[in-house]
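Please find below a colleague's note on the structure under review. It is arranged as numbered points, moving from the chain as a whole to individual residues.

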Amino acid sequence: MVSKNQVQDGYEIYIGAPVERVWQGLTDGVLTRQYVYGARLQSTLEKGSAFAFVADGDFKVVDGEVIDVEPNRRLALTWQAHWDAAVSKDRASRVTYELSSAGAHATKLRVLHDEFEGETATYKGSVEGWPLMLSSLKTLIESGKPLEMK
């Protein structure tokens, strides 16, 4: 079995927009609904506060706590998935978004999803989900329209 410290999912993507616009894409529920499988982010985004990605019917697809927040720079969250029975059995993992300027009109976004207890259902789902969500975020921010997703 893989230890939780060895299993992580990390991604980097460059988006053709200033950091503030990418931050808005990550934290504005109207925008997240367009690329996070129809789920809107709900949170005050204050350290220690709750957050949830909420789908139709007020179903919390993912929820947890804001661990750290530095607007336009960093957001860290505990991540408890609920999209199916298998992931609901996993203990919470952690997602960290880090943003940095890559020029006047470009942002480097790094997403690290870690603290898994091995190759759990949540880990396997994130390996499949993050690339598509981040690509759709990039397309949304740069063009005004998200990718067409299955």
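The points below concern a predicted model.

1. Overall architecture. The protein chain contains four helices and seven strands. Their order along the sequence is β-α-α-β-β-β-β-α-β-β-α, so that, by this pattern, two helices follow one another after the opening strand and a helix closes the chain.

2. Dimensions. The radius of gyration of the protein chain is 15 Å, in agreement with the value near 15 Å that a compact globule of 150 residues would have. Along the principal axes, the C-alpha atoms occupy a box of roughly 45 × 35 × 30 Å.

3. Burial and contacts. Of the 150 residues in the protein chain, 43% are classed as buried. When contacts between residues at least 6 apart in sequence are considered, 46% of them link residues at least 24 apart.

4. Surface and charge. The exposed area of the protein chain is about 7800 Å², and carbon and sulfur atoms account for 50% of it. The chain carries 17 positive and 21 negative charges, and the mean positions of these two sets lie 1 Å apart.

5. The nonpolar core. Which residues touch the most other members of the largest nonpolar core? They are Phe53, Trp79, Tyr97, Leu109 and Trp130, within a core of 35 residues. The element that gives the most to this core is helix 4 (residues 121-143), with six residues. In general, nonpolar side chains tend to be buried together in soluble globular proteins.

6. Phe53. Not counting residues up to four places away in sequence, Phe53 touches Thr32, Val36, Ala39, Arg40, Leu41, Phe59, Lys60, Val61, Val62, Trp79 and Tyr97. Two of these partners, Trp79 and Tyr97, are named with Phe53 among the residues that touch the most other core members.

7. Phe51. This residue is found in strand 3, which spans residues 50-55. Is Phe51 buried or exposed? Its relative accessible area is 3%, and Phe51 therefore counts as buried, the limit being under 20%. Beyond four places in sequence, Phe51 touches Leu41, Gln42, Ser43, Val62, Asp63, Gly64, Glu65, Val66, Leu77, Thr78 and Trp79. With regard to Asp63, the separation is twelve residues in sequence and 5.6 Å in space, C-alpha to C-alpha.

8. Positive phi at Leu45. Most residues other than glycine have a negative phi. Leu45, which is not a glycine, has a positive phi of about 55°. Leu45 is placed in the loop between strand 2 (40-43) and strand 3 (50-55). With a relative accessible area of 17%, Leu45 is buried.

9. Positive phi at Asn72. Asn72 is likewise a residue other than glycine with a positive phi, here near 70°. Its position is the loop between strand 4 (59-70) and strand 5 (74-81). Asn72 is partly exposed, at a relative accessible area of 26%, whereas Leu45 is buried. The backbone at both positions may be inspected in the display.

10. Ser126. Helix 4 includes Ser126, and this serine is buried, with a relative accessible area of 4%. Which residues are in contact with Ser126, leaving aside neighbours within four places in sequence? They are Asp9, Tyr11, His113, Phe116 and Pro131.

11. Arg21. Helix 1 (residues 19-27) holds Arg21, a partly exposed residue at 29% relative accessibility. Once neighbours within four places in sequence are set aside, Arg21 is in contact with Leu31 and Ile141. Arg21 and Val111 are separated by 90 residues in sequence and by 16 Å in space, C-alpha to C-alpha.

12. Gln34. This glutamine belongs to helix 2 (residues 29-35) and is partly exposed, with a relative accessible area of 32%. Residues up to four places away in sequence aside, Gln34 touches Ser136, Leu140 and Pro146. Of these partners, Ser136 and Leu140 fall within the residue range 121-143 of helix 4. Gln34 and Glu148 stand 114 residues apart in sequence, with a C-alpha to C-alpha distance of 9.7 Å in space.

Technical notes:
Residues numbered from 1 in each chain as written. Predicted model: local features only at pLDDT ≥ 70, side-chain atom pairs only at ≥ 80, totals over all residues. Heavy atoms only, no water. Rg over C-alpha atoms; globule rule 2.2 N^0.38 Å. Buried < 20%, exposed > 50% of the residue type's maximum accessible area, 1.4 Å probe, protein only. Contact = heavy atoms within 4.5 Å. Areas by Shrake-Rupley, 256 points an atom, 1.4 Å probe, with all protein chains shown as cover. Lys, Arg positive; Asp, Glu negative; His and termini not counted. Charge placed at Lys NZ, Arg CZ, Asp CG, Glu CD. Core = buried A, V, L, I, M, F, W, Y, C linked by side-chain atoms within 4.5 Å.
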